[in-house]
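Trainee: I would like to go through this structure and ask, at each step, what justifies the words used for it.
Mentor: Go ahead, and we will set each value against its cut-off.

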Amino acid sequence: SIFFCTLLVPGTMMACRLLARQGSKALLARCATARAVRSFSSPSSEPIGFVGLGNMGSPMAHNLLAKGHRLVVCDLVQSSVAELVQAGAEAAGSPAQVARQASTIITMLPAGEHVQEVYAGKDGVLR
């Protein structure tokens, strides 16, 4: 299943509306905040996908790695990806590749158009 993280993510509700417009009711049902917020206190063997490694995303991803979580990361800025790979994350070439490797995906994106592209774009999470 895919979880849409709504914690501190501007534009995430736009992603939910986009899913509704596209008729993705099953995915939309998983988009609720209560379903998105899950405990990351104990690491699991399954990786967490992380898309968006900017000012907020990178420190959050580092914290998850420090707690022992496996991460699959993607960002347009390759130096941000390389920094997390050096810290122990696995790189993905696109949001779609993140989704193929992780069932829990956190996005930390700056604006609604970025959210739309990451979720529904050509190489998006839902592709």
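Mentor: Start with A61, which touches F50, L53, L71 and L84, leaving out residues up to four places away in sequence. Keep in mind that this is a predicted model.

Trainee: What makes those residues count as touching A61?
Mentor: Contact means heavy atoms within 4.5 Å. F50, L53, L71 and L84 are listed as touching A61, so each has a heavy atom within 4.5 Å of one in A61.

Trainee: Which residues touch the most other members of the largest nonpolar core?
Mentor: In this core of 13 residues, they are F50, L53, A61, L71, V73, L84 and A89. Two or more residues come from each of β2 (48-51), α4, β3 (71-74) and α5 (78-87). Helix α4 gives the most, with three residues.

Trainee: Which residues does the second core include?
Mentor: That core is separate and has 11 residues, V51, A92, L109 and V115 among them.

Trainee: Why is V73 called buried?
Mentor: Buried means under 20% relative accessible area. V73 has 0%, so the word applies. The residue is in strand β3.

Trainee: What does V73 touch?
Mentor: Not counting residues up to four places away in sequence, V73 touches F50, L53, V81, L84, A89, E90, A91, A92 and V98. One of these contacts, L53, is 20 residues from V73 in sequence, and the two C-alpha atoms are 8.0 Å apart.

Trainee: Is S58 buried or exposed?
Mentor: S58 has a relative accessible area of 11%. The cut-off for buried is under 20%, so S58 is buried. It is found in helix α4 (residues 57-66). Apart from residues up to four places away in sequence, S58 touches G52, L53, E83 and L84.

Trainee: H62 is also in helix α4. Why is H62 called partly exposed?
Mentor: Its relative accessibility is 24%. Buried needs a value under 20% and exposed a value over 50%. H62 meets neither condition, so it counts as partly exposed.

Trainee: What is H62 in contact with, beyond its neighbours within four places in sequence?
Mentor: The contacts are E83, L84 and A87. H62 and E83 are 21 residues apart in sequence, with 9.5 Å between their C-alpha atoms.

Trainee: Why does Q101 count as partly exposed?
Mentor: Q101 has 25% relative accessibility. Partly exposed covers what lies between the 20% and 50% limits, so the term fits Q101. Q101 lies in helix α6 (residues 95-101) and touches P47, V72 and E90, with residues up to four places away not counted. The C-alpha atoms of Q101 and G49 are 7.5 Å apart, although 52 residues separate them along the chain.

Trainee: How many helices and strands does the protein have?
Mentor: There are seven helices and five strands. From the N terminus, their order is β-α-α-α-β-α-β-α-β-α-β-α.

Trainee: How much of the protein is buried?
Mentor: Buried residues make up 46% of the 127 residues. As for contacts between residues at least 6 apart in sequence, 59% join residues at least 24 apart.

Trainee: What is known about the largest pocket?
Mentor: Its volume is about 440 Å³. It is lined by 22 residues, with V51, D75, L76, L109 and V118 nearest its centre. Helix α7 (residues 112-120) gives the most to the lining, with three residues. By type, the lining has 11 nonpolar, seven polar and four charged residues.

Trainee: Where is the confidence lowest and highest among the elements?
Mentor: Helix α3 (residues 33-36) has the lowest mean pLDDT, 37, and strand β4 (residues 90-91) the highest, 98. For the protein, the average is 75, and 66% of the residues score at least 70. Residues 1-21 have pLDDT below 50, and that stretch makes 58 contacts in the model beyond near neighbours in sequence. Residues 26-39 are also below 50, with 24 such contacts.

Trainee: How should contacts in such stretches be read?
Mentor: Where pLDDT is low, the predicted coordinates should not be read in detail.

Key: Residues are numbered from 1 along each chain as its sequence is written. This is a predicted model: local features need pLDDT of at least 70, side-chain atom pairs count only at pLDDT 80 or more; totals for chains, interfaces and linings use all residues. Side-chain values use heavy atoms; hydrogens and water are left out. On a 1 Å grid over the protein atoms alone, a cavity is a set of points where a 1.4 Å probe fits but cannot get out, and a pocket is an open set with protein on both sides within 12 Å along at least five of seven lines; lining residues have an atom within 4 Å of a point. Grid points are joined across faces, edges and corners, and a volume is the space filled by probe spheres set on the points. Helices (H or I, at least four residues) and strands (E, at least two) are DSSP runs, numbered from the N terminus. Ala, Val, Leu, Ile, Met, Phe, Trp, Tyr, Cys and Pro count as nonpolar, Asp, Glu, Lys and Arg as charged, and the others, Gly among them, as polar. Buried means under 20% relative accessible area, exposed over 50%, partly exposed in between (1.4 Å probe, protein chains only). A nonpolar core is a set of buried Ala, Val, Leu, Ile, Met, Phe, Trp, Tyr and Cys residues joined through side-chain atoms within 4.5 Å. pLDDT is the predictor's confidence in each residue, from 0 to 100.
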